[in-house]
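Welcome! Here is a short tour for anyone meeting this structure for the first time. Take a moment to look it over before reading on.

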Amino acid sequence: MDSKTEIKKHFLHLQFNAPSLWDYALHSIVGSSIKGNFTPTSFSEKACLAPPYFIPKRNTRAHMWSSEFRTNSVYFKPRRVRSIRKRFHRFLPALVVSGPLEGRSGVALKWSIDAVHLDKEETSVVFRLRYRTTTSATIYQVFFTKTLRLDCAIRIRNRSGRIHSGHLPRTHGCHLTFPQPSPRNALLVELHKLNVPCSSGYIRFAPNTPTICGKLEQIPLQSRRYLYQSSSKPELELHGRPTFAAIYRLVDHCHDVLLTARNGSFDVGPTVKLICSYKIHLPYGNRVALRLQMGTKPNENSNVVHEESKVFCKGMELTLQDGDSRWKHCSQPGDPLRSVQIISEGNSIRLNVSILAKKNSSAMWLKVWWMDKPMEDMVGNCEFSWIASGDFCVSAIRDIKKTWRQAEAECVKLGGHLASLADEHQQQILDQLLSHAPGSHEDDVYWIGATDSVHEGEFRWSDGLPFSYAHWFPGWRKHASQPNDDGTSGQDCVEVRRAMPPRPAHPTFLWNDRSCREHNYFVCERPGANGK
């Protein structure tokens with residue numbers, strides 16, 4: 001394994017007391033071989049100085065007893081440990097324990113086994129105890145069985161490396177815990193291999209994130225990776241038996257940060273080494289008005305960012321990506337204070353910051369402010385995060401997924417209903433709204449206001465408008481077109497989606513009838529300032 005891990009152990013405390021106990025031999029059997037380690041619970045359990053009075057017989061078929069069981073391995077083998085003040089003994093665990101009690105009236109041991117050594121989810125462990133008493137020469141033998149339920153929990157020690165399904169025990173679930181990053185760092189986990197049917201298992205990066213299943217090529221690139229900040233618990237959940245491989249590493253705390261607030265600001269530095277990436281993504285219909293300030297000397301205003309240069313930047317390098325346009329600027333220690341102002345073409349802009357200054361140079365610093373700049377022809381008189389569509393304002397609600405009826409009730413609270421579409425123009429507005437929504441993926445699914453729950457096959461809008469336009473999924477060979485509810489499957493509500501597996505994502509959001517109990521994002525409408 002490339003990374004050091006701590007595999008979850010099963011522990012049992014064993015104790016047997018008898019005033020007349022003379023000597024004993026104890027071992028555990030898992031499956032058909034001896035497994036598990038015994039360790040003393042106190043220093044009363046120490047290494048035997050004399051050979052055991054009896055040893056398990058040699059059996060070439062069942063258990064291969066080697067000569068080591070006749071010497072050190074049948075005792076708690078002491079190891080001398082040096083310290084600054086004194087020398088003391090630490091006793092190593094043993095597969096088999098045996099020996100006289102030397103006047104003691106009982107034995108207390110701790111037994112443990114690594115979960116990775118168990119090949120089933122539920123395993124029985126057989127303990128075999130043989131002993132003699134001071135009042136009889138008879139050798140007594142006792143068997144007792146303990147059933148262990150295999151729960152997989154692995155703690156990874158290294159801060160970077162690779163982990164895959166071959167490192168895990170064969171269980172139907174596991175939790176992988178990574179090292180907690182410091183406030184200056186974040187932990188990036190990226191899936192590089194995945195194959196698990198959605199009906200039998202999945203992977204989840206965090207409790208509030210969607211599950212991931214299927215094949216890797218079917219998963220959007222954004223969904224294959226997850227960034228754990230210092231405030232979150234870096235734990236990966238595995239359900240079923242997914243075949244997977246993932247790479248994890250520490251990155252700077254400002255790696256791939258998504259900012260969706262209407263306005264705000266942030267600082268980078270002061271530091272001499274840092275690599276950051278910020279994406280400011282506002283709702284569709286709003287440009288990003290950006291102001292940057294960097295430098296250390298008297299103020300010098302500029303509205304121009306230097307064109308991309310092939311010269312290596314020995315200070316702070318800024319790269320701005322605005323759609324297909326890209327600009328680069330280099331700020332070096334001692335440069336004058338400079339203010340740069342930019343207005344994006346679309347509703348998002350990416351800022352990459354790379355600081356690679358010398359250790360003895362001045363620390364580099366950057367201050368960033370942003371605010372929204374509405375595009376009047378799209379927003380009209382609608383509020384922030386809403387755009388005009390006919391007589392209505394529409395908005396994509398992505399805070400939480402809801403059933404169709406819950407989504408309709410939420411839209412009513414906002415002063416409207418689930419969105420209705422009257423023509424091709426409104427369909428195009430919907431496509432642009434959802435495709436450019438902050439944090440959107442090509443596999444996102446949204447509820448709209450159409451339903452045939454009253455009369456099967458007669459679709460109606462929840463706002464009461466006539467159902468005069470549709471944009472159903474057309475279907476392909478061996479796959480029926482939509483709507484395809486036969487009246488018994490309960491597909492009475494309409495969702496819009498681009499991804500219709502196994503085909504690639506469609507350029508527009510197609511309509512599909514679905515069970516109203518499914519949980520989706522949703523699109524709300526409410527009357528505009530000039531609406532009726």
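What follows covers one sheet, a hairpin within it, and the confidence of the model.

Please keep in mind that this is a predicted model. Its chain has an average pLDDT of 78, and 76% of the residues score at least 70.

Let us begin with the sheet. Five strands make it up, and the sheet is open, with the order β21-β23-β29-β26-β27. Its pairing is mixed. At the edges lie β21 (257-259) and β27 (325-331), each of which pairs on one side only. From one strand to the next, the twist averages 15°. As background, strands of a sheet pair through backbone hydrogen bonds, either parallel or antiparallel.

Now look at the end of the sheet where β26 and β27 sit side by side in the strand order. Strand β26 spans residues 316-322 and is joined to β27 by seven bridges, the two strands running antiparallel. Among the residues of β26, Glu317 has Cys330 of β27 as its bridge partner, while Met316 stands opposite Ser331 in β27. Together β26 and β27 form a hairpin, with two residues between them. In the turn, Gly323 has a positive phi of about 65°.

Finally, two stretches of the chain call for caution, as their pLDDT stays under 50. The table lists them with their contacts in the model.

| Stretch | pLDDT | Contacts beyond four places in sequence |
|---|---|---|
| Residues 47-81 | under 50 | 85 contacts |
| Residues 297-308 | under 50 | 31 contacts |

Methods
Residues numbered from 1 in each chain as written. Predicted model: local features only at pLDDT ≥ 70, side-chain atom pairs only at ≥ 80, totals over all residues. Heavy atoms only, no water. Pairing = 2+ DSSP bridges. Helix = DSSP H or I, 4+ residues; strand = E, 2+ residues; numbered from the N terminus. Axes fitted to C-alpha atoms, helices over the stretch in contact; angles between N-to-C directions. pLDDT = per-residue confidence, 0-100. Contact = heavy atoms within 4.5 Å.
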